[in-house]
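This report is meant for a reader meeting the structure for the first time. Please keep the sequence and the model in view while reading.

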Amino acid sequence: MNVKKEIGNKVLIVNSSARTTRSQSRKLAETFQEQWQISYPDAVIACREIGLQPVPHITETWISAAFKPLEDRTLEEVDALKLSDDYIAELKEADIIVIATPMYNWSIPSSLKAYIDQVVRVDQTWRYNSENRQDPYIGLLVNKAVVLLLTRGSQGYEIGNYNEPIDFQTKYLKRVFNVMGITDITVITLDGEANDKEQYRANIATTHEQVSAFITTTIS
């Protein structure tokens, strides 16, 4: 993580698992929060729940409103963007954004996709650069870092490994945050829930240690 951080930093943790106590991504987020508070007792940590509180899909009214100046929006359009405005305000306020998510069907939960649709919004988190057709996105979320806490049932999703071609979780999330202007992205993964149970227990312990070590060595 390259962004200089100081005590009192603002952290946003986004949980997207449909599970509660059985969710390993939630447990990783809990470890992150606990260790962060130990390192930075005065830190402000906000938690956004999208796995258990489903995010509404965008609508035709939402789309119409998003491409209009505020003064031209109807009351219905203003209301359609209200939750999106709240989500984006949280992202803008945060110094560090933690996304805790399982892999569902080789990608992300539908609730997280709906959240992304709400926050990847023109002139709010990115703007269009017509002079660069190859990469026309100028991100508006600057001086921020993202930590992806990812869980997957199987294994072998690393670059060059056998499941890399069907990992539509990691690369997608990285690209989404790149478009919004964030390139400082750390990925911590917990794999193998569907495989050997003893090995998976060891993986759990190792991954939680990685989360703690990331905070105590990389950030401190």
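The text below takes up two helices, two pockets and a few single residues.

This is a predicted model, in which local features need pLDDT of at least 70 and side-chain atom pairs count only at pLDDT 80 or more, while totals for chains, interfaces and linings use all residues. Residues are numbered from 1 along each chain as its sequence is written, and side-chain values use heavy atoms, with hydrogens and water left out. Helices (H or I, at least four residues) and strands (E, at least two) are DSSP runs, numbered from the N terminus.

## Helix α4

Helix α4 spans residues 82–93, and over its 12 residues it reaches 17 Å from the first C-alpha to the last, close to the 16 Å expected at 1.5 Å a residue. The expected span is 1.5 Å times one less than the number of residues in the helix. Buried here means under 20% relative accessible area, exposed means over 50%, and partly exposed lies in between, with a 1.4 Å probe and protein chains only. By that measure, Ser84, Tyr87, Ile88 and Leu91 are the buried residues named in α4. Seen down the axis of α4, its buried residues fall within an arc of 95°, so they line one face of the helix; the arc is that of the directions from the helix axis to the C-beta atoms. An α-helix has 3.6 residues a turn, so residues three or four places apart point the same way.

The cover over the buried residues of α4 includes β1 (10–15), β2 (44–49), α2 (60–66), β3 (96–102) and α5 (110–119), where contact means heavy atoms within 4.5 Å. Leu83 is also found in helix α4, but Leu83 is partly exposed, with a relative accessible area of 28%. The C-alpha atoms of Leu83 and Gln118 are separated by 8.0 Å, although these residues are 35 apart along the chain.

## Helix α6 and the largest pocket

In α6, the residues Thr170, Leu173, Val176, Phe177 and Val179 are buried. Their cover includes β3, α5, β4 (126–128), β5 (137–139), β6 and β7. After α6 comes Gly181, whose phi is positive, near 105°.

Helix α6 also takes part in a pocket. On a 1 Å grid over the protein atoms alone, a cavity is a set of points where a 1.4 Å probe fits but cannot get out, whereas a pocket is an open set with protein on both sides within 12 Å along at least five of seven lines, and lining residues have an atom within 4 Å of a point. Grid points are joined across faces, edges and corners, and a volume is the space filled by probe spheres set on the points. The largest pocket holds about 220 Å³ of space, and its lining includes Arg152, Tyr157, Glu158, Lys171 and Val187. Both α6 (170–179) and β7 (185–191) supply at least two residues of this lining, and the largest share, 3 residues, comes from α6.

For the classes in this report, Ala, Val, Leu, Ile, Met, Phe, Trp, Tyr, Cys and Pro count as nonpolar, Asp, Glu, Lys and Arg as charged, and the others, Gly among them, as polar. The lining of the largest pocket has 3 nonpolar, 2 polar and 6 charged residues.

## The second largest pocket

The second largest pocket has a volume of about 180 Å³. Of the 15 residues that line this pocket, the closest to its centre are Arg19, Pro102, Tyr104, Thr151 and Glu193. Here α1 (24–39) and β6 (145–152) each supply at least two residues of the lining, which by class has 5 nonpolar, 6 polar and 4 charged residues.

## Single residues

Asn15 lies in strand β1 and is buried, with a relative accessible area of 12%. Leaving aside neighbours within four places in sequence, Asn15 is in contact with residues including Ser25, Ala29, Arg48, Gly51 and Ala100.

The table lists residues from loops.

| Residue | Loop | Relative accessible area |
|---|---|---|
| Asn105 | between β3 and α5 | 67%, exposed |
| Trp106 | between β3 and α5 | 45%, partly exposed |
| Gly160 | between β6 and α6 | 68%, exposed |
| Asp42 | between α1 and β2 | 58%, exposed |

Asn105 has a positive phi of about 50° although it is not a glycine, and the phi of Trp106, also a residue other than glycine, is positive and near 70°. The C-alpha atoms of Gly160 and Glu131, 29 residues apart along the chain, are separated by 35 Å, while those of Asp42 and Asn9, 33 residues apart along the chain, are separated by 8.0 Å.
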